[in-house]
Amino acid sequence: MKKWTILENIKVEKLVFWGQWFARHTDWKVIFITGWVVPGSIVNLRVLKSKKDYYETQVLDVVKKSPIEKTHPNNPYGMNGWCKRVNIPYEEQLKIKESQVIESFFHTEKTAWEKITISPIVPSPLIDSYRNKVEFSYWKYISAKESREEHFNLWFHKQWEFSKIEDINWFILIKEEINEIFREIKDFTKSSWLPAYDPMTHKGFYRHLLIRNSFFKDEIMIILGFNHVHNDWNNNLNSIKDFFINLSKKHSKIKSIYFSKNDSPADIAIWELELIYWNEFIVEEILWLKFNISPKSFFQTNSHWAEKLYSIVKELAWDDTNNSIILDLYAWTWTIGMILSDNAKKVYSVELVKQASQDWQENAEKNWIKNMEFINAKVEDYLKDYVKTWEKADLLIIDPPRSGMHPDALPNILKFESKTIIYVSCNPATLARDLQFIVKNSNYKIKKVIPVDMFPHTHHIETVVKLEL
Ligand SMILES: C[S@@+](CC[C@H](N)C(=O)[O-])C[C@H]1O[C@@H](n2cnc3c(N)ncnc32)[C@H](O)[C@@H]1O
């Protein structure tokens, strides 16, 4: 079949992996579908690749809606790049994610999984309004096809059309007060007559708006990004500052406001920072730990979910933490290590990105944690040395990126003979692959598999696994 062929009236069956849907052609070949669809719907598709056993396709249009599809009562804007599944009722979203984990396991060699049961998926404590960080972009929306010309807009880039900003005044994944603040800033900046920055010509002023919100302490940080070499900017400086100071009087939760000056072509919100109001950071509290969050800090974007996930990890790991040596691999912001540190003798947290870890050294000190060591290295390199010199780790925590564990690292984790391994995964396919290696090459047994829904309305799924020797 030729590229761009249209396949008509295809019924979408189910999700297979990483945001791709599955259907069957009348010739019995498998069809993989990319796009925002709901299982059970009838769609027209465009063929992108035609292989021996399958077609890769993209959704053109929906011929008939799925019986399960429902417009979310709080989201009139439909499915978009941020909420690809918002029109699928939440219970159905959970079923889809749960079966995705089950399928990933049972697609690999069955012998490894004979006796395991997968626990029911843990739903997110918040279904909407759960994001504690959001970054909007300024630009335009010009479409000849729709005869629209909007030269100043603030929201997200249109999916697959980076040159356009959607004209929407509300976002389902953030709290109502953050939406209100967003609208007030959008109205003010639009009426200030300074232009939105154009990344093609590198001219214009407003570039980004980043808002962070600590959920448990309920503090808000605003960062306005702009091109400070724009001509008229200095004349408007005082009125922009006044607007933000007044905004913080109206919304008392605003504790920190920054300008981020960026005249480089790089499309990055955080650049040369100037604090214009009050605190350098906002404070978040997860379990008993306090975190100072500055503009550049890495932090889980769903605080409620983070608390839930960390509680699950702690519960599964608890029996093995007493006076133990813990290796926290792929540690990111070191949070899991910190949460387990109170009972441990020593925690070694290994992370590749130095910047992710920088603030957290300070945070560990603030929380009186003294038994952690932070290692800026590749896990695969670090383990080679560790097995040579230490040869001991009572508990392993593994939380790798989507690609799973590096093949050089996998055999080495088996050499510690740690009583317990907790594997936290954001990709069921690589999780199943890595677990299969572990189970086949050692005496570890899988004791628990718990799927956790971290980001409702999206395709992301997290799974926590406990292995015991
Ligand atoms: C899923 S995140 C970890 C989340 C973290 N454990 C937490 O609870 O917040 C994966 C982390 O692995 C890091 N990473 C990716 N490849 C790595 C490698 N080869 N060695 C060390 N860290 C790596 C990434 O920078 C990222 O911070």
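**Strand S17, its partners and the ligand shell**

Strand S17 pairs with strand S20 (residues 395-398) in the parallel sense, over four bridges. Within this pairing, Leu329 stands opposite Ile398 of S20. The model is predicted.

S17 has a second partner, S18. These two strands also run in the parallel sense, and five bridges join them. Here Ile325 is set opposite Lys346 of S18. Between S17 and S18 the chain passes through H5, and this β-α-β crossover is right-handed.

The surroundings of S17 were examined next. The strand covers residues 325-329, and four of its five residues are buried, so S17 is largely enclosed by the rest of the structure. A residue counts as buried if 20 or more other C-beta atoms lie within 10 Å of its own.

The ligand site was then considered. The ligand is surrounded by 20 residues. Tyr330, Trp332, Leu352, Val379 and Asp399 are the closest. Three elements each supply at least two residues of this shell: helix H5 (335-341), strand S18 (346-351) and helix H7 (379-389). H5 and S18 thus appear in the shell as well as in the crossover from S17. By class, twelve shell residues are nonpolar, four are polar and four are charged.

At the level of the whole chain, the protein is divided into three parts: domain 1 (6-64), domain 2 (97-126 + 302-468) and domain 3 (133-286). Domain 2 is made up of two segments, 97-126 and 302-468. A distance of 38 Å separates the C-alpha centres of domain 1 and domain 3.

Methods:
Residues are numbered from 1 along each chain as its sequence is written. This is a predicted model: local features need pLDDT of at least 70, side-chain atom pairs count only at pLDDT 80 or more; totals for chains, interfaces and linings use all residues. Domain bounds come from an automatic or database domain assignment. A residue is near a molecule or strand if its C-beta atom, placed from the backbone, lies within 6 Å of it. Ala, Val, Leu, Ile, Met, Phe, Trp, Tyr, Cys and Pro count as nonpolar, Asp, Glu, Lys and Arg as charged, and the others, Gly among them, as polar. A residue is buried if 20 or more other C-beta atoms lie within 10 Å of its own, exposed if 12 or fewer, and partly exposed in between; C-beta atoms are placed from the backbone. Two strands pair if DSSP finds at least two bridges between them. A crossover is right-handed if, with the strands pointing away from the viewer, the path from the first strand over the helix to the second runs clockwise.
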